[in-house]
Amino acid sequence: MWIFYIALSLFILFTAYFFVLPLSKKRPVLIKQNGLVTYCAILAAALYSLQTAMPFSITIAVIAFFVFIFKTWFVYGVTEIMISDALSKAASATRASIENNDGGYKIDNNLRIRIHKIMGRISIVSFKKGGESKKAKLTVVVFKKFIQNYFV
Amino acid sequence: MTKASSSITINKPIKEVFEYMASPHNGPAFIPNLNENENIFPEKDGVGQKFDWRFNMAGVDLRGKAEVTEYTPPTKVVIASHGDADSTWTYTLEEAGAGTKVSVEIDYELAETALQRIANKAIISKIAQKTTEQMLDNLKTILES
């Protein structure tokens, strides 16, 4: 049971950091890959110790695995269009080329980014790993700033 | 006042480097931890141009207002800012062969309220130095490739 209480305490702390802190400033929630994997792992650990919630725990662990494999951000509080706009502005600010094809974007002829609307103002941003140029990496940093500059 | 400085050579003409670097619109693209410059007025870059900034230092949001106090194309820009951190940013550019040598000097002093929110003053000094080095590296990446 002590695993449950430790996991629950960590879950509350991470929820405050990831959700309460930005939303209290009326800013969107943006959780990057490592944070998202950690958050899911903590939630899975907390639910795993509760026998009745074990199926949820396994589902969350599977989600964490996919987040780990495919570089992914979780975004809450802004629309898919606002995220696309932030990406275009970031590419423009860093003078990186941006192509819109196959329902996604290609930055600096190098890095593929897709924006998936889950529901309402919840979206997932996925990045195809490997071979990112320095400019593409910088564009991703600026992209994150521009998403977080919106007000919810 | 504490100081952080750095310089780099960018293989682009001085005019192009100056125009990009001197515009507050481009600040968040190459200055690490500068989240946004907003309410930029007037639109045209030059002495007297003012804007609001929001900077994140060690997880703490710092805010303030800035004003361009010196604008000498294509060699020098000085920006004075006040708020959670009082600072003066001096960009100096000089031709270096076909490229441009860019130097940045930041004189800064954190307001006590902001400093109280950040644990260790030594860490701030390291972050400021790292910021100047990283911003010039970013500038080189943006303008050269």
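**One cavity, one pocket and a set of salt bridges**

A search of the whole structure, which is a predicted model, turns up one cavity of 30 Å³ or more. The space inside this largest cavity comes to about 360 Å³. Its lining is made by 26 residues, and those nearest the centre are B:Leu34, B:Phe55, B:Ser81, B:Ser87 and B:Trp89. Many elements of chain B take part: helix H2 (27-30), strand S2 (34-41), S3, S4, strand S5 (76-83), strand S6 (85-96), S7 and H4 each supply at least two residues of the lining. What classes of residue make up the lining of the largest cavity? The count gives 20 nonpolar and six polar residues, with no charged residues.

The largest pocket can be described in the same terms. Its volume is about 920 Å³. The pocket is lined by 29 residues, and both chains appear among those nearest its centre: A:Tyr17, A:Lys144 and A:Gln148 come from chain A, while B:Asn35 and B:Asn56 come from chain B. Which elements each supply at least two residues of this lining? In chain A they are helix H1 (2-24), strand S1 (29-31), strand S2 (71-76) and helix H5 (134-148), and in chain B strand S3 (50-57) does so. The most is given by H5 of chain A, with seven residues. By class, the pocket lining divides into 13 nonpolar, six polar and 10 charged residues. Charged residues are thus part of the pocket lining, whereas the lining of the largest cavity has none.

Chain A provides the helix just named, and its overall layout is as follows. Its secondary structure comes to five helices and six strands, arranged along the sequence in the pattern α-β-α-α-β-α-β-β-β-β-α. Along the principal axes, the C-alpha atoms of chain A fill a box of roughly 55 × 35 × 25 Å. Of its 152 residues, 42% count as buried.

The surface of chain A carries a nonpolar patch of about 710 Å². The patch is made by A:Ile58, A:Val62, A:Phe65, A:Phe66, A:Phe68, A:Ile69 and A:Phe70. A:Phe70 sits in the loop between helix H3 (54-69) and S2 of chain A. A:Phe70 is classed as partly exposed because its relative accessibility is 47%. Another loop residue of this chain, A:Glu132, is placed between strand S6 (122-127) and H5. With a relative accessibility of 21%, A:Glu132 also counts as partly exposed. A:Glu132 and A:Leu111 are 21 residues apart along the chain, and their C-alpha atoms are separated by 5.6 Å.

Salt bridges come next. Side chains of opposite charge can pair when their charged atoms come close. Over all chains, the structure holds 12 salt bridges. In one of them, B:Lys3 pairs with B:Asp107, and the closest N and O atoms are 3.7 Å apart. This pair links distant parts of the chain, since B:Lys3 belongs to strand S1 (residues 2-10) and B:Asp107 to strand S7 (residues 99-110) of chain B, 104 residues apart. Are these two partners buried or exposed? B:Lys3 is exposed, at 54% relative accessible area, but B:Asp107 is buried, at 16%.

A second salt bridge joins B:Asp52 and B:Lys65, with 3.0 Å between the closest N and O atoms. Here too distant parts of the chain are linked: B:Asp52 is in strand S3 and B:Lys65 in strand S4 (residues 60-72) of chain B, 13 residues apart. B:Asp52 has a relative accessible area of 19% and is therefore buried, while B:Lys65, at 55%, is exposed. In a further salt bridge, between B:Lys76 and B:Glu70, the closest N and O atoms are 3.9 Å apart. B:Lys76 counts as partly exposed at 28% relative accessibility, and B:Glu70 counts as partly exposed at 30%. Residues of both chains also meet in a network of salt bridges, which links A:Lys25 and A:Arg27 with B:Glu36, B:Arg54 and B:Asp61.

One last residue of chain B is B:Ser145, found in the segment after helix H4 (121-144). B:Ser145 counts as exposed because its relative accessibility is 59%. B:Ser145 and B:Asn11 are 134 residues apart in sequence, yet 9.9 Å apart in space, C-alpha to C-alpha.

Key: Residues numbered from 1 in each chain as written. Chains lettered and ligands numbered in written order. Predicted model: local features only at pLDDT ≥ 70, side-chain atom pairs only at ≥ 80, totals over all residues. Heavy atoms only, no water. 1 Å grid on protein atoms, 1.4 Å probe; cavity = no way out; pocket = protein on both sides within 12 Å on 5 of 7 lines; lining within 4 Å. Points joined across faces, edges and corners; volume = space filled by probe spheres on them. Helix = DSSP H or I, 4+ residues; strand = E, 2+ residues; numbered from the N terminus. Nonpolar A, V, L, I, M, F, W, Y, C, P; charged D, E, K, R; others polar. Patch = residues over 30% accessible without salt bridge, like charges linked within 9 Å, V, L, I, M, F, W, Y side chains within 5 Å. Areas by Shrake-Rupley, 256 points an atom, 1.4 Å probe, with all protein chains shown as cover. Salt bridge = Lys/Arg side-chain N within 4 Å of Asp/Glu carboxyl O. Buried < 20%, exposed > 50% of the residue type's maximum accessible area, 1.4 Å probe, protein only.
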